[in-house]
Amino acid sequence: MAADTAETTKRWGMVIDQNRCIGCWTCAFGCKQMNNEPLGFWWNRVLTAAPGETTGESNSALADPASDNIDVPHGTYPNVEMAYLPVACQHCTDAPCVKVCPVGATFRQADGTVLVDYERCIGCRYCMAACPYGIRVFNWGDAEQPVDFTVGYGKDYRVDGRLVFTPDRPRGVVEKCTLCVELIEEGSEPFCVEVCPVGARVFGDLADPNSEVAQLVDEAGATQLLPDLGTDPRIFYLPVDRERNV
Amino acid sequence: MATVETPAPRTAAYGRFGRGFLVVAGLLVLWGLSAWIYQLTQGLIATGMRDVVSWGLYIFTFAFLVGLSAGGLIVASAAEAFGVKSLKPLARFGVLTAAACVLVAAMIIIPDLGNAQRIWEIFRYPNWTSPLVWDILIILAYFVFAVVDLTVMSRRDIGRTTRAKWLRILAYVGLPMAVLLHSITAWIFGLQISRPWWNTALMAPLFVTSAILSGTALVALAALAAQRFDRLKVGEETWRALAVLMATTIAIDLFLVACDYITILWGNVPRERAALDHVLPGGSWQAVFWLEWIVGGLVPFVLLVTPSLRRRFWVFGLASALVLVGVYAFRIELVVGGLLTPLLHLPPGIALGEYRPGQSSFEVFGVYHPTWVEYAIVTGVLVFLSLLIVLGYRWLRIGRQDEELA
């Protein structure tokens, strides 16, 4: 990794525009395919929320669900409202999972991505208790796959010798969204960004003030999920704004 | 009064009851061991834990056992440091239970790990911001300390004044160590901003109090058994001291829990109410409320503060056992309460990490039913603890301590 010095000046981030999100779950399914996620594993989910529920300007992000099922609006007819909240790893700057991991298996790179070393993880699941966003998945048993061949990226991927992605999941380790580090290094975008049919996701370098993400964060009023916890995520949301012209 | 008596051989007969106990206990330990081997072949999928309630019976029991280890050492150290003479006869027995409990507490972590064979990495790559690393270090230090303390108390070649001097020094080290052990274990939970139910500064005081409470109850139970089935003699004054210690800590413990409830109820912040509502009467885990407050709280409190009741052997035993039930219920309430309601509980919820044909792979709120594997392993570990205490008691000839230490 000779190009590391240039890489470290990057600060990867993403903005998700809830005005655009149509709740189609393509990002979630795309993620599942690219990362060969076993059955019952979802690194990326699209939650059914209500407008304004994302950002913690009030506690409504923490309110009770309208239903156990997706696509059920909040409220009583005719006063109903609904918005979609896609949630995967928030790649926090001050990540609680990194702080609690007893062996440093979960670590944060200089570019802001939070990763898990599959060969270091002892499977204590402290990070799952510590994550405010509930995005981590544990390999309780042997991974079950819907097909008998590997889909997606399909190879091991290492960062500084540490195994941060493998299509064949070892038993007893925690896994989660990697922000598709293996694709970023090739110059591509995370797969959820690529497959979103409505362009609700924007990915880029927050350190570059001219990048689209940086401008959306600085000027369009992007907010973070559960900001009062001070985790300072690298994933931002543009909350639903009925007045805004999408 | 020193009686001239040849020390009984350490393998002295256990008697019919004792042999029966050893056989049954041995079988239960073997059953637990086989359950663990089965779990190793299947992975943790053999347990009832999944991605929402990701800690279960093993961690309840871990927190419980760490707490149990307090009592003995505090009984022994209080006898030395504060000159509580009435507790002195139980000092050696107390330290033995402390050593056994903390050893078994460390053991129960192992079946909870997804990759137990990598546990040594905690020493190779310690992450110092993790309370878990500190907890493992203090657990090991505490075990070593208890063994040293026990050695100083038991060796025959140490003179009377030297022993007294060393025991005093050890007592002053032991008390802060015990407080630290329980505080660090409490901070595993108490420091987590993602779990409003855990994230309270009360956590460490609560752990210290409930540790003294449950630890004292264990020492009392062990002493009762030794008095009944062996020749250990414990005076009325000592029973009184144990009863006072338990009754006082029940009151402090429930007071702290009540402070937490009232803060949450009055504030009525949804994310905090969500967890409390699960354990209050009417909630899905209300059993732990009744076990903690009535069965393991009010009932033993009344039994222990009423002298006419307390003086009866079985009443004292029942009260001590109920205290243990109450403290275990508190551990369940604590761990599960924090996990049942994730901060973001919007549909479809959190992915479970398991495919269940015909059922959702998600849970908005957590569900947890331990499996037979978890019950078997926890039973095996608890029975192993009782074996350690019984064997240690015999080996150290604690029943004869009066004669020896006089």
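## A two-chain predicted model

An open sheet of three strands in chain A is arranged in the order S12-S1-S13, and its pairing is mixed. The edge positions of this sheet belong to strand S12 (201–205) and S13 of chain A, each of which pairs on one side only. From one strand to the next the twist averages 20°. The model is a predicted one, and what follows is read from its computed geometry.

### The sheet around S1 of chain A

Strand S1 (residues 12–17) of chain A is joined to S13(A) by four bridges, and the two strands run parallel. Within this pairing, Ile16(A) stands opposite Tyr237(A), a residue of S13(A). Strands of a sheet pair through backbone hydrogen bonds, in either a parallel or an antiparallel manner. Helix H7(A) lies across S1, S12 and S13 of chain A and runs at about 105° to S12(A). After that helix, in the loop between H7 (212–219) and strand S13 (235–238) of chain A, comes Leu226(A), a residue that has a positive phi of about 50° although it is not a glycine. Leu226(A) is also buried, with 21 other C-beta atoms within 10 Å.

### Strand S2 of chain A and the contact with chain B

A second pairing in chain A involves S2(A) and S5(A), which run antiparallel and are joined by five bridges. One of the paired positions is Arg45(A), whose bridge partner in S5(A) is Val87(A). Five of the five residues of S2(A) are buried, so this strand is largely enclosed by the rest of the structure. In a regular strand the side chains alternate between the two faces of the sheet. In S2(A), Arg45(A), Leu47(A) and Ala49(A) point one way, while Val46(A) and Thr48(A) point the other way, and all of them are buried.

Where the two chains meet, 53 residues of chain A are in contact with 44 residues of chain B. The elements that give two or more residues to the side of chain A that touches chain B are strand S2 (45–49), strand S5 (83–87), helix H3 (96–100), helix H4 (126–130) and strand S8 (137–138) of chain A. By residue class, that side of chain A divides into 34 nonpolar, 11 polar and eight charged residues. The paired strands S2(A) and S5(A), joined by five bridges, are thus both among the elements listed for this side of chain A.

### Backbone features in the loops

In the loop between helix H2 (26–34) and S2 of chain A lies Asn36(A), which has a positive phi of about 50° although it is not a glycine. Asn36(A) is buried, with 21 other C-beta atoms within 10 Å.

Each chain also contains a cis peptide bond that ends at a proline. In chain A the bond from Tyr77(A) to Pro78(A) is cis, with omega near 5°, and Pro78(A) lies in the loop between strand S3 (74–76) and strand S4 (79–81) of chain A. In chain B a cis peptide bond joins Pro347(B) and Pro348(B), with omega at about 5°, and Pro348(B) lies in the loop between H12 and strand S1 (350–351) of chain B.

### Helix H12 of chain B

The helix that precedes this loop, H12 (residues 313–340) of chain B, has 28 residues and reaches 40 Å from its first C-alpha to its last, close to the 40 Å expected at 1.5 Å a residue. H12(B) is mostly covered, since 21 of its 28 residues are buried.

### The two chains as wholes

Chain A has seven helices and 13 strands, whereas chain B has 14 helices and two strands. The radius of gyration of chain B is 22 Å, close to the 22 Å that the globule rule gives for 406 residues, so chain B is as compact as a globular protein of that length. For chain A, with 246 residues, a compact globule would have a radius of gyration near 18 Å, and the value of 18 Å for this chain agrees. Further values for each chain are set out below.

| Chain | Extent along principal axes | Buried residues | Contacts at least 24 apart, among those at least 6 apart in sequence |
|---|---|---|---|
| Chain A | about 55 × 40 × 35 Å | 51% of 246 residues | 67% |
| Chain B | roughly 75 × 50 × 40 Å | 51% of 406 residues | 77% |

How values were computed. Residues numbered from 1 in each chain as written. Chains lettered and ligands numbered in written order. Predicted model: local features only at pLDDT ≥ 70, side-chain atom pairs only at ≥ 80, totals over all residues. Expected span 1.5 Å × (residues − 1). Buried ≥ 20, exposed ≤ 12 C-beta atoms within 10 Å, placed from the backbone. Contact = placed C-beta atoms within 7 Å. Nonpolar A, V, L, I, M, F, W, Y, C, P; charged D, E, K, R; others polar. Rg over C-alpha atoms; globule rule 2.2 N^0.38 Å. Pairing = 2+ DSSP bridges. Axes fitted to C-alpha atoms, helices over the stretch in contact; angles between N-to-C directions.
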